[in-house]
Amino acid sequence: MFMKAMRSKPVRLVLYTVLGAFGLYNGASCLVTLYKAGNQPYLLSGTDRFAFMGYHMMAAMHGATCIVLAVTLILLVRWIRKTESNQA
């Protein structure tokens, strides 16, 4: 069923758009979170230090998600092009 749906150009366009939008969102979120973490003072109390480390963990999560989405999008485009060239 997935294979039949992926042969439709409008479905592919929607899937590529969604993957690209989520990738851009997570990339921007990573940069914003790192910017917030960079403005923190170095001498922090225990609670603030935990929040400061939380910024870096959130940035890492957004960055990893962005990379996974980009790789998925690239592999999906390459797979579609390969199957289309084999059918032609």
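**Notebook: a predicted three-helix model**

I began with Val-14, which counts as exposed because its relative accessibility is 53%, over the 50% mark for that class. I noted that the model is a predicted one.

**Entry 1: Surface patch**

I placed Val-14 in helix H2. I then looked up what surrounds Val-14 on the surface and found a nonpolar patch of about 270 Å², made by Val-14, Val-18 and Phe-22.

**Entry 2: Overall layout**

I counted 3 helices and 0 strands in the protein. Read from the N terminus on, the order of elements is α-α-α. I recorded that 20% of the 88 residues count as buried. The exposed area of the protein is about 6800 Å², and carbon and sulfur atoms supply 72% of it. I also looked up contacts between residues at least 6 apart in sequence: 74% of them join residues at least 24 apart.

**Entry 3: Nonpolar core**

Which residues make up the largest nonpolar core? I listed 5 residues: Met-6, Leu-19, Leu-69, Leu-76 and Ile-80. Helix H3, which spans residues 46-87, gives the most to this core, namely 3 residues. I added a general remark for reference: nonpolar side chains in soluble globular proteins tend to be buried together.

I then followed Met-6, setting aside its neighbours within four places in sequence. Its contacts are Arg-12, Leu-15, Leu-76, Trp-79 and Ile-80. Among them, Leu-76 and Ile-80 are also members of the core.

**Entry 4: A buried asparagine**

Is Asn-26 buried or exposed? I found that Asn-26 counts as buried, because its relative accessibility is 9% and the limit for that class is under 20%. Asn-26 lies in helix H2, which covers residues 9-38. Not counting residues up to four places away in sequence, Asn-26 touches His-62, Thr-65, Cys-66 and Leu-69. One of these, Leu-69, belongs to the largest nonpolar core.

**Entry 5: Cysteines**

I searched the whole structure for disulfides and obtained 0. Why is Cys-30 without a bond to Cys-66? The sulfur of Cys-30 has its closest cysteine sulfur in Cys-66, 7.5 Å away, and this is too far for a bond. The cut-off I applied for a disulfide is 2.5 Å between the sulfur atoms. Cys-66 is likewise in no disulfide, its nearest cysteine sulfur being that of Cys-30.

I also compared the two cysteines with the accessibility classes. Cys-30 counts as buried because its relative accessibility is 14%. Cys-66 counts as partly exposed, at 22%, since that class begins where buried, under 20%, ends.

**Entry 6: Salt bridge**

How many salt bridges does the count come to? I recorded 1 salt bridge. Arg-12 forms a salt bridge with Glu-84, and the closest N and O atoms are 2.4 Å apart. This falls within the 4 Å cut-off. The pair links distant parts of the chain, with Arg-12 in helix H2 and Glu-84 in helix H3, 72 residues apart. As a general point, I noted that side chains of opposite charge can pair when their charged atoms come close.

Finally, I looked up the accessibility of both partners. Arg-12 counts as buried because its relative accessibility is 7%. Glu-84, with a relative accessible area of 36%, is partly exposed. Arg-12 had already appeared in my notes on the core, as a contact of Met-6.

Conventions: Residues numbered from 1 in each chain as written. Predicted model: local features only at pLDDT ≥ 70, side-chain atom pairs only at ≥ 80, totals over all residues. Heavy atoms only, no water. Core = buried A, V, L, I, M, F, W, Y, C linked by side-chain atoms within 4.5 Å. Buried < 20%, exposed > 50% of the residue type's maximum accessible area, 1.4 Å probe, protein only. Helix = DSSP H or I, 4+ residues; strand = E, 2+ residues; numbered from the N terminus. Contact = heavy atoms within 4.5 Å. Patch = residues over 30% accessible without salt bridge, like charges linked within 9 Å, V, L, I, M, F, W, Y side chains within 5 Å. Areas by Shrake-Rupley, 256 points an atom, 1.4 Å probe, with all protein chains shown as cover. Salt bridge = Lys/Arg side-chain N within 4 Å of Asp/Glu carboxyl O.
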